[in-house]
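Open the model in your viewer and keep the selection panel at hand. This tour goes from stop to stop and says what to select next.

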Amino acid sequence: MKTFAKLALGTAFGLALFAGSASAQNVKIGLVAKSLGNGFFEAANKGAQEAAKELGGVEVIYTGPTSTTAEGQIEVINALIAQRVDAIAISANDPDAVVPALKRAAQRGIKVISWDSAVGKDGRIVHLNPSSNELIGNMCLKLAASHLPDGKGDFAILSATSTSTNQNTWIAEMKKQLPKYPGLNLVTTVYGDDLADKSYREAQGLLKSHPNVKVIVAPTTVGVLAASQVVKDAGKIGQVYVTGLGLPSEMAGAVHSGATKEFAIWNPIDLGYTATQIAYRLVKKETEGKPGSEINVGRMGKIKIGDNGEAAMADPFVYNKSNVDEFAKIF
């Protein structure tokens, strides 16, 4: 009997150790980019890794498809489910197509948020906007006007995919706020699918089909860089300008060449950091992410969840010759 009691006690002690070990395992967060190899998302991953180190006991799995498709992201989501991650934070290529896969993740207890580019409300708990859509739309128009004499002339938009949630929202805001800039005339919107080669071809096509266009606005880091290169290659610096949302490390050359006077972007490092903080606090049940509630996001302070389950991180920041080199060393 004593031997049996010792065995039982040993077994119980072993199970307790196992349970303690299991509870001490890292919180696994899948950070899903629109596509791999994109500088914006690489910078966001740096912020996510920073948050993981700061929080402790967190493993960020940075992943994404090789091309900007919903199908590719669905495969990535399924893989993360199989890895039994605790949370998924995704920048969506399509607002609706990924929802069923994310619902499957939620049914398995995985906390799901979107950031940068939203998914439908049924597919996530919280969406983190890098800024407010109104401010981003206005900033793009303000930048376009600043590149034109007296703020007057034709401009075109070079976007990412035609289904990209954030791009379409910002373009809608631009159109809504156009009356505030009576000198601006929007002639067309084209889509480069966030692919460098296609964005380059679309920008080339713009210059040929709309010779009166004086500014190309690209609210996408891939598009703004590609369009800047087109203007340079076409020898049209000083005749056509490019602006929009870009990374300082990629746009410094365009600014110094004169193809771009100014551009804007929030800090993607901060965006990845904040998304990771939100995901972690949902996993730890420090918040439920309900509308009206506030979430502590470390060095970024607190963010408030709006009625639509969305939150805004910060205002866009403008980069030009005076500061682009300083920030290009960071991201």
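Start with the aromatic rings: there are 8 aromatic pairs, counting rings of Phe, Tyr and Trp (its six-membered ring) whose centres lie within 6.5 Å. Planes under 30 degrees apart count as stacked, over 60 as edge-to-face and the rest as tilted. Select Phe317 and Tyr319. Their ring centres are 5.0 Å apart and their planes stand at 70°, so this pair is edge-to-face.

Before moving on, two notes on the source. This is a predicted model, in which local features need pLDDT of at least 70 and side-chain atom pairs count only at pLDDT 80 or more, while totals for chains, interfaces and linings use all residues. Residues are numbered from 1 along each chain as its sequence is written, and side-chain values use heavy atoms, with hydrogens and water left out.

Stay with the same two rings. Is Tyr319 buried or exposed? Tyr319 is buried, at a relative accessible area of 2%, whereas Phe317 is partly exposed at 39%. Here buried means under 20% relative accessible area, exposed over 50%, and partly exposed in between (1.4 Å probe, protein chains only). Now add Phe263, Phe327 and Phe331: ring pairs link these with Phe317 and Tyr319 into a cluster.

Next, charges over rings. The criterion is NZ of Lys or CZ of Arg within 6 Å of the ring centre and within 35 degrees of the ring normal. Select Lys261 and Tyr241: the lysine lies over the ring face, 4.7 Å from the centre. Then select Arg299 and Tyr273. The charged end of Arg299 sits over that ring, 4.2 Å from its centre.

Switch to cartoon for the sheet. Helices (H or I, at least four residues) and strands (E, at least two) are DSSP runs, numbered from the N terminus. Two strands pair if DSSP finds at least two bridges between them. What is the order of the open sheet of 6 strands? The order is β2-β1-β3-β4-β5-β13, with parallel pairing. Its edge strands are β2 (58-63) and β13, each pairing on one side only. On average, neighbouring strands are turned by 20° against each other, direction ignored.

Zoom in on β5, residues 126-129. Val126 and Leu128 are buried on one side, His127 and Asn129 on the other, so both faces are covered. β5 pairs with β4 in the parallel sense over 3 bridges. Select Ile113 to find its bridge partner in β5, Val126. Trp115 stands opposite Leu128. Turn to β13 (residues 310-312), which also pairs with β5 in the parallel sense over 3 bridges. There, Glu310 is the bridge partner of His127.

Show helix α10, residues 268-283. It lies across β1 (27-32), β2, β3, β4 and β5, and runs at about 160° to β4. Axes are lines fitted to C-alpha atoms, for helices over the stretch in contact (heavy atoms within 4.5 Å), and angles run from 0 to 180 degrees between N-to-C directions.

Now select α4, residues 99-107. Which of its residues are buried? They are Val99, Ala101, Leu102 and Ala105. Seen down the axis, they fall within an arc of 160°, so they line one face of the helix; the arc uses directions from the helix axis to the C-beta atoms. Their cover includes α3 (70-82), β3 (87-90) and β4 (111-115). After α4 comes Gly109, with a positive phi near 85°.

Last stop: Lys208, in helix α7 (residues 196-209). Lys208 is exposed, at 71% relative accessibility. Draw a line from its C-alpha atom to that of His256: the two are 48 residues apart along the chain and separated by 25 Å.
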